[in-house]
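User: I am new to this structure and would like a close look at one part of it, the strand pairing at one end of the sheet. Please work outward from there to whatever surrounds it.

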Amino acid sequence: MDLTFLKTPQFYNDNATKLAEQYLSKTFEEVHQSWSPFLPSIIENPNARILDLGAGSGRDVKYLAELAANTHPTENNVQIFAVEPAQELAVIGQKTTEDLNVKWLDDSLPALTKVTKQEVSFDLILLSAVWMHMNAEDQIEALNTLSKLVSTNGLIVITLRIGEFSDGRIAHVIDESKLMQQANKLNFDVILNESSVDALDRSDVTWKTLVFKWKS
């Protein structure tokens, strides 16, 4: 494993307050507009299982938990798991989602040991701005892990950051063609492949959103 990945949580711990303010300055809808049309069919299931990897300050899981509660006001069995390896950010995320049906886990890619022990099959797995923190080897292992966690009709949503960091963080190269090849080997279809501008208006950063689903 590339040791630079092990250093990543420390940056997020050291800068948790500033980063949380940045993340929470944008809404779920602004950041995830491209794939959000897939969301209603998932949330309509009162027993849906959702996993957010790299949940940060809790913006996305807060939105998802509130949406589930509003969709199922009398019988809401939607379970939402949030994983954030940077403890200082996770503390903020737990406060953000206080009194909501969100279970926080201290775990990390590519192995997701604690998530795997939950023995839950997920209808939605979200990885927003996470993939670039892993080297090529770990990216392959991570996709293998996700393939064991997603349900038969579930979706894996991965947003890829295109652009370097200027603050000392490491952005590993993302070889989209290799990612697609690995997904194909695992029997996934890509049902969305869309580029977008940066929600924070950074001119040197763009995004690519990929949505994977088991082949029919």
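Analyst: Start with β6 and β7. Nine bridges join β6 to strand β7, residues 206–214. The two strands run antiparallel. One facing pair is easy to find: F188 stands opposite W214 in β7. This is a predicted model, so read every value here as computed from predicted coordinates.

Now step back to the whole sheet. Seven strands form it, in the order β3-β2-β1-β4-β5-β7-β6. The sheet is open, and its pairing is mixed. Strands of a sheet pair through backbone hydrogen bonds, and they may do so in parallel or antiparallel fashion. Find the two ends of the order. β6 (188–197) stands at one edge and β3 (102–105) at the other. Each has a single partner strand, so one side of each is left without a neighbour in the sheet. On average, neighbouring strands of this sheet are turned by 15° against each other, direction ignored.

What lies across this end of the sheet? Helix α9, residues 176–185, lies across β5 (150–162), β6 and β7. The helix runs at about 10° to β7.

A salt bridge also links α9 with β7. The side chains of K208 and E176 meet there, at 2.9 Å from N to O. K208 lies in strand β7 and E176 in helix α9, so the pair ties together parts that are 32 residues apart in sequence. The two partners differ in exposure. K208 counts as buried, at 13% relative accessibility. E176 is partly exposed, with a relative accessible area of 25%.

How many salt bridges does a search of the whole structure find? It finds four. Side chains of opposite charge can pair when their charged atoms come close. Another of these bridges joins R202 and D198, whose closest N and O atoms are 2.7 Å apart. D198 counts as buried, at 5% relative accessibility. R202 counts as partly exposed, at 25%.

A further bridge sits within one helix. E66 and K62 meet through their side chains, at 2.8 Å from N to O. Both lie in helix α5, four residues apart, about one turn of the helix. Both are partly exposed: E66 has a relative accessible area of 32%, and K62 has 30%.

Helix α5 itself covers residues 59–71, which makes 13 residues. From its first C-alpha to its last it reaches 18 Å, close to the 18 Å expected at 1.5 Å a residue. Its buried residues are R59, D60, V61, L64, A65 and A68.

Next, the nonpolar interior. The largest nonpolar core has 33 residues. Which of them touch the most other members? They are L51, L53, I125, L127, W131, L146 and I156. Several elements give two or more residues to this core: β1 (49–53), β2 (79–83), β4 (122–128), α8 (136–147), β5, α9 and β7. So β7 and α9, met earlier, both appear in that list. β5 gives the most, with four residues.

Take L146 as a way into this core. Leaving aside its neighbours within four places in sequence, L146 is in contact with L53, L112, I125, L127, W131 and I156. Apart from this core lies another, of 24 residues. W35, A65, L126 and V211 are among them. A65 is also one of the buried residues of α5.

L112, one of the contacts of L146, deserves a second look. L112 is found in the loop between β3 and α7. Its phi is near 50°, a positive value in a residue other than glycine. At 0% relative accessibility, L112 counts as buried. P110 is found in the loop between β3 and α7 (113–117) as well. The peptide bond from L109 to P110 is cis, with omega near 10°.

End on the other side of β3, the far edge strand. D99 is found in the loop between α6 (87–96) and β3. Its phi is near 75°, again a positive value in a residue other than glycine. Is D99 buried or exposed? D99 is exposed, with a relative accessible area of 77%.

Definitions and conventions:
Residues numbered from 1 in each chain as written. Predicted model: local features only at pLDDT ≥ 70, side-chain atom pairs only at ≥ 80, totals over all residues. Heavy atoms only, no water. Expected span 1.5 Å × (residues − 1). Buried < 20%, exposed > 50% of the residue type's maximum accessible area, 1.4 Å probe, protein only. Pairing = 2+ DSSP bridges. Axes fitted to C-alpha atoms, helices over the stretch in contact; angles between N-to-C directions. Contact = heavy atoms within 4.5 Å. Core = buried A, V, L, I, M, F, W, Y, C linked by side-chain atoms within 4.5 Å.
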